[in-house]
Amino acid sequence: TWVNAGHTPILLVRSASHRVEVLQGDSLPVGVLQEEHYTEQTTVLELGDTLLVYSDGLSESMNAEGEQYGTDRMCSVLEKTSAFGASPAMTLGSLRSDIRFFSGADGKHRDDSTAVLIRLHPMRQLSDGSIRDRRAPECFELPRQLDQLTPLRFRIASMCADQPESFVHMLSLAA
């Protein structure tokens with residue numbers, strides 16, 4: 001259950017389809033009108049779904065021509081990284097890199113750039129009663145085509161999501 005109080009929309013990436021749903025309310029920011037009514041909305045979340053909550057400094061980043069990055073570009077990055085199985089850290093890194101590339105050296109950053117990405121992972125109860133996130137072993141072949149390196153990098157990052165970033169980078173480089 002959530003309420004929009006004039007903030008940017010929440011972006012919900014569905015794990016089953018890798019599609020983004022934009023959760024947008026229609027309330028004014030808190031304090032604009034004393035009599036403003038805020039309406040609760042409910043959205044069902046599934047295991048593996050990802051939520052991105054962000055400040056307008058990300059979507060309003062501008063390039064040299066004054067064009068804003070926008071929510072559509074954010075959704076595109078989220079859908080691509082979801083399809084590759086990227087970890088939350090890799091997803092945020094990809095979004096940050098894409099915004100920097102879009103903005104270029106002359107990009108105008110007049111606002112904060114804050115983002116929180118939340119992924120709902122399945123938890124399994126073990127025979128001793130403890131609850132732990134356990135992953136099945138993964139096996140895959142290393143591709144011989146250069147155009148397959150990006151999916152490989154995302155796969156390695158998602159498999160090693162609980163490892164230090166420096167380890168993931170070294171493993172990706174080695175692969």
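So, burial to start with: in this predicted model, buried residues make up 31% of the 175 residues in the protein. As for the elements, there are five helices and eight strands. Going along the sequence, the order reads β-β-β-β-β-α-α-α-β-β-β-α-α. And if you take the contacts with a separation of 6 or more, 60% of them come from residues 24 or more positions apart.

Okay, helix 3. How does the span of helix 3 agree with 1.5 Å a residue? With 16 residues, helix 3 should span 22 Å, and its end C-alpha atoms are indeed 22 Å apart, so the two agree. Its buried residues are Met90, Thr91, Gly93, Ser94, Leu95, Ile99, Phe102 and Ser103. When you look at that list, keep the helical repeat in mind: an α-helix has 3.6 residues a turn, so residues three or four places apart point the same way.

What do those buried residues of helix 3 pack against? The partners are strand 5 (50-54), helix 1, helix 2, strand 6 (115-119) and helix 4. Let me pick out Ser94, which is found in helix 3. Its relative accessible area is 17%, and the cut-off for buried is under 20%, so Ser94 counts as buried. Setting aside neighbours within four places in sequence, Ser94 is in contact with Val77, Thr81 and Phe154. Then, just after helix 3, you get to Gly104, which takes a positive phi of about 65°.

Helix 3 also brings us to a pocket. The second largest pocket has a volume of about 310 Å³. Two or more lining residues come from each of helix 3 (88-103), helix 4 (149-159) and helix 5 (165-174). Which of the elements gives the largest share of that lining? That would be helix 3, with five residues. In total the second largest pocket is lined by 16 residues, and the ones nearest its centre are Ala89, Met90, Glu165, Val168 and His169. Sorted by type, the lining has seven nonpolar, six polar and three charged residues. Met90, by the way, is one you've already heard: it is among the buried residues of helix 3.

Now a few loops, if you'll scroll back towards the start of the chain. Have a look at His18, in the loop between strand 2 (10-13) and strand 3. His18 has a positive phi of about 65° although it is not a glycine. Its relative accessibility is 28%, so it counts as partly exposed.

A bit further on is Val30, in the loop between strand 3 (20-23) and strand 4 (40-41). Buried or exposed, for Val30? Exposed, because its relative accessibility is 66%, and the cut-off for exposed is over 50%. Still, Val30 touches Ala5 and Tyr38, not counting residues up to four places away in sequence. Its C-alpha atom is also 7.1 Å from that of Gly6, although Val30 and Gly6 are 24 residues apart along the chain.

Last one: Ser61, which lies in the loop between helix 1 (56-59) and helix 2 (70-84). Ser61 is at 2% relative accessibility, so it counts as buried. And where does its side chain go? The Ser61 side chain reaches the backbone oxygen of Gly57 at 2.8 Å. If you have the model open, Ser61 and Gly57 make a good pair to click on while we talk.

Definitions and conventions
Residues are numbered from 1 along each chain as its sequence is written. This is a predicted model: local features need pLDDT of at least 70, side-chain atom pairs count only at pLDDT 80 or more; totals for chains, interfaces and linings use all residues. Side-chain values use heavy atoms; hydrogens and water are left out. On a 1 Å grid over the protein atoms alone, a cavity is a set of points where a 1.4 Å probe fits but cannot get out, and a pocket is an open set with protein on both sides within 12 Å along at least five of seven lines; lining residues have an atom within 4 Å of a point. Grid points are joined across faces, edges and corners, and a volume is the space filled by probe spheres set on the points. Helices (H or I, at least four residues) and strands (E, at least two) are DSSP runs, numbered from the N terminus. Ala, Val, Leu, Ile, Met, Phe, Trp, Tyr, Cys and Pro count as nonpolar, Asp, Glu, Lys and Arg as charged, and the others, Gly among them, as polar. Buried means under 20% relative accessible area, exposed over 50%, partly exposed in between (1.4 Å probe, protein chains only). Contact means heavy atoms within 4.5 Å. A polar contact is a pair of N or O atoms within 3.5 Å; within protein, one must be able to donate a hydrogen and the other to accept it, and residues adjacent in sequence count only if both atoms are side-chain atoms. The expected span of a helix is 1.5 Å times one less than its number of residues.
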